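Here is a model to go through by question and answer. Start with the ligand site, then turn to the charged pairs.

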Amino acid sequence: MTTRIAEEVADALAENRPVVALESTLLAHGLPPGRNREVAQRLEDVVREAGAVPATIAVLRGEPVVGLTGPELDRVCAPGADLTKLSRRDLGAAYALGIDGATTVASTAALAHAAGVGVFATGGLGGVHRAGDAPTSWDVSADLAVLAATPVLVVCSGVKSVLDVGATLELLETSSVPVLGYRTDRFPAFYLRESEFDVPWRVDDPERAAAVVAAHRERVPGTAGVLLANPVPEEFEMDLALHDRLLAEGLELLRTRGVTGKDVTPVLLEHFHTGSGGVSLDANEALVLSNARLAAEVAVHLAAR
Ligand code: PSU
Ligand code: MN
């Protein structure tokens with residue numbers, strides 16, 4: 001099965017105009033119904049306002065789609081839609097079995113790259129989960145391995161502090177994935193503007209970010225993508241005490257309910273959203289919109305080079 005690329009996206013790619021890929025797991029599994037549809041629309045709007053064409057990606061009835069239509073966004077965001085969460089390894093099964101699925105960072109990046117889209121915005125990258133009581137849970141998001149093998153720029157707000165941030169950064173280093181802080185020296189932690197870890201490189205404007213991406217792609221051997229880490233806007237950063245309480249509760253919830261594998265991230269996000277009375281939802285929306293805008297700005301500079 002071939003990928004369906006929306007006409008507007010295909011035209012932009014053919015004319016070397018900027019395109020920004022957007023993922024669907026954050027819509028289907030990261031945000032509640034209703035709110036997810038609003039965010040889906042705002043994401044596409046901010047990308048357009050910044051001068052690029054949005055391409056939200058999902059798998060519908062077994063067909064990979066790059067650039068969902070309005071009705072298709074409705075379907076992905078519908079209450080009870082119950083889309084399967086698809087990482088890259090799940091794509092073949094999803095195609096062959098003809099199912100509806102939401103794509104994670106890993107599968108969105110892979111499909112974007114295959115379609116010729118080089119810039120992708122999301123909320124948080126998956127990473128290395130904290131080891132539970134066992135010596136290690138071996139729960140390391142495929143997002144990291146795919147980013148090491150797929151030359152796309154991923155703009156995100158770092159990784160959630162529910163992950164082992166230090167281990168995630170170590171693995172990115174091992175995989176030769178460059179990590180750039182956007183107007184920050186610290187690697188952001190999704191709901192929080194800073195983790196305790198520094199970024200190896202800092203850029204302060206979209207043009208510089210584009211220059212680094214271009215140099216990396218054109219002059220550095222290998223297949224690694226680039227991570228541009230953009231902290232949540234200041235006014236939406238979560239209160240540290242609230243954050244830490246929800247994090248401790250969330251981790252305990254995973255233990256008592258025995259949640260593992262791909263359900264870990266959605267269960268934690270849901271706990272934050274309900275436990276914070278919506279504060280974390282506002283943060284989530286603000287950061288993903290900010291990332292989409294920045295991704296579009298960088299894509300504009302890349303296309304102009
Ligand atoms: N981080 C978030 N919200 C999300 C995700 C990550 O703050 O919705 C989603 C992304 O789609 C990411 C996926 O690719 O979770 C990672 O899941 P896992 O850890 O199961 O690989
Ligand atoms: Mn996982």
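The questions below concern a predicted model.

Q: Which side chain has an N or O atom 2.7 Å from an oxygen atom of ligand 1?
A: Polar contacts here are N or O pairs within 3.5 Å. An oxygen atom of ligand 1 lies 3.3 Å from a side-chain N or O atom of Thr-265. The 2.7 Å pair also uses a ligand oxygen, and its partner is in the side chain of Ser-141.

Q: Which residue offers a polar backbone atom to a nitrogen atom of ligand 1?
A: This contact involves the backbone, at 3.3 Å from the ligand nitrogen. The residue is Gly-124.

Q: How much of the area of ligand 1 does the protein bury?
A: Ligand 1 sits in the largest pocket. Taken alone, ligand 1 exposes 480 Å². Of that area, the protein buries 93%.

Q: How many charged residues are in the shell around ligand 1?
A: The shell has 15 residues, with Glu-23, Val-105, Ser-141, Asp-143 and Lys-160 the closest. Helix 2 (25-28) and helix 11 (264-275) each supply at least two of the shell residues. By class, 4 are nonpolar and 6 polar, and the number charged is 5.

Q: How many residues apart are Arg-35 and Asp-282?
A: The whole structure has 17 salt bridges. In one of them, Arg-35 pairs with Asp-282, with the closest N and O atoms 2.7 Å apart. Arg-35 belongs to helix 3 (residues 35-49) and Asp-282 to helix 12 (residues 279-304). The pair links distant parts of the chain, and the separation is 247 residues.

Notes: Residues numbered from 1 in each chain as written. Chains lettered and ligands numbered in written order. Predicted model: local features only at pLDDT ≥ 70, side-chain atom pairs only at ≥ 80, totals over all residues. Heavy atoms only, no water. Near = heavy atom within 4 Å. Polar contact = N/O pair within 3.5 Å; in protein donor to acceptor, adjacent residues only side chain to side chain. Areas by Shrake-Rupley, 256 points an atom, 1.4 Å probe, with all protein chains shown as cover. 1 Å grid on protein atoms, 1.4 Å probe; cavity = no way out; pocket = protein on both sides within 12 Å on 5 of 7 lines; lining within 4 Å. Sits in = over half its atoms within 2 Å of the grid points. Helix = DSSP H or I, 4+ residues; strand = E, 2+ residues; numbered from the N terminus. Nonpolar A, V, L, I, M, F, W, Y, C, P; charged D, E, K, R; others polar. Salt bridge = Lys/Arg side-chain N within 4 Å of Asp/Glu carboxyl O.
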